[in-house]
Amino acid sequence: MKPILYIVIPCFNEQEVLPVTAPLFFAKLESLKQNGKIADDSSVLFVDDGSRDRTWEILTDLCHENKYCKAIALSRNRGHQNALLAGLFEAMEKCDITVSIDCDGQDDINAIDRMIDEYLSGAEIVYGIRDSRKTDSFFKRNTAQGFYKFLKLLGAEVVYNHADYRLLSSKVLKELSKFNEVNLFLRGTIPLVGFKSSAVYYERTERLAGKSHYPLKKMISLALNGITNLSVKPIRLITLLGFIVAAISIVGIIWSVVMVLLGKTVAGWASTVSIICFLGGVQLLSLGVLGEYIGKIYLEVKKRPRYIIEKRTDDAKNE
C-alpha cells in the first residue's frame, strides 16, 4: 500500500521565495505519485508563522490553484520550531509519513525520493544530513559545526550536520506528541523518541530568492534552547567549578596563614583585586547559567500552548 505523504513547510515572511519554490514542491509531489512511491491524496502543507508580508495571501492563492496545496496560519509568530511542530501535528492524523523542509530551496528536494525508499525499507525516521556546508559563510559554517560538537560534549543526542529536513512516520509523530516541552529543539528531541532511523546525504545550495530570516540572534536563541533542553551538564560543570575554586581558595588561605606566621607578608593590592574579579566573574557566570534553567522552568510550568492555529485554507474552501 502506498504511503500518504505530507510535505510540511514552515514559512515566515517568504513572499519573495514562495512563488519560486512552491511549484518545485508541487512538481516533486506529482513526480512521486507518477513513480508510484506515494498515494494520490498526498499533499504539501505550508505553515504561515505569523508573517507580516503577503505570505498568507500567496499561500491562499496557491491552495486555490493547486489541489495538492494546504496551508495553516498561526495566530502570531511563534518561531520556526513551533511552526514546524504545528504543521507536523496538523498532518499527523491525515498521513502515513511527513517530510519537513524549509521553503527557501536550499535543501535538495530530490533527497525526498531516497527518504521514502529508506522508509519503505523499514526506517521510521530518516534524517537529511548536509554532505557539506560550502554555501554557508565561514562564520556560520564553523559556529554551526562547533555547536553540534559542543552539544555532543554535553551528552546531548544530536545528528551532526542535520537541521530540520527529515522524514517522520505517523507512528513517530504520535509518540512525539507526548513530549510537552514549551522550549522546543526538535533536532535533539526526535532522537529521544527512538524507533529505527536512517539517513540520506545531500548537497545544500544557495537560497533561491529573498533573504534568510534566521539572524544571529535567533541562532543563539535556538542554541540556548538546545543546550538547556537536552543537557544538565552546564549545572554540573558549575558545581565542579565551585569545588575547584573552593579547593584553590583553601590552598590560598593556608598559604597566606603560613606567610603571616613566617612574617613574609607584603602589600598585595593587585593580587587581591585579581582574585575578587575572578571570583565575581565565576559567580555571575554561574548565576547566569542557573538563571537560564530557572527561566526555562518558569516557562514550562505555565503550560501555555506552543502555538495557536488561526486559519486553515481547508476551512475557506468548505465555506
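I began at Ile-112 and, leaving aside its neighbours within four places in sequence, found it in contact (heavy atoms within 4.5 Å) with Leu-5, Ile-7, Lys-28, Leu-32, Val-99 and Tyr-165. I note that this is a predicted model, in which local features need pLDDT of at least 70 and side-chain atom pairs count only at pLDDT 80 or more, while totals for chains, interfaces and linings use all residues. Residues are numbered from 1 along each chain as its sequence is written, and side-chain values use heavy atoms, with hydrogens and water left out.

Next I looked up the largest nonpolar core (buried Ala, Val, Leu, Ile, Met, Phe, Trp, Tyr and Cys residues joined through side-chain atoms within 4.5 Å), and of its 38 residues, Leu-5, Ile-9, Phe-46 and Ile-112 touch the most other members. Helix α1, residues 18-34, gives the most to this core, with 6 residues. A second, separate core has 30 residues, including Tyr-6 and Val-8.

I then turned to strand β1, residues 5-11 (helices, H or I, of at least four residues and strands, E, of at least two are DSSP runs, numbered from the N terminus). All 7 of its 7 residues are buried (under 20% relative accessible area with a 1.4 Å probe, protein chains only), so β1 is largely enclosed by the rest of the structure. Leu-5, Ile-7, Ile-9 and Cys-11 point one way from β1, and Tyr-6, Val-8 and Pro-10 point the other way.

Last, I checked the partners of β1: 4 bridges join β1 to β4, residues 97-100, in parallel, and 6 bridges join β1 to β2, residues 43-48, also in parallel. Val-8 stands opposite Ser-100 in β4 and opposite Leu-45 in β2.

Note on methods: Buried means under 20% relative accessible area, exposed over 50%, partly exposed in between (1.4 Å probe, protein chains only). Two strands pair if DSSP finds at least two bridges between them.
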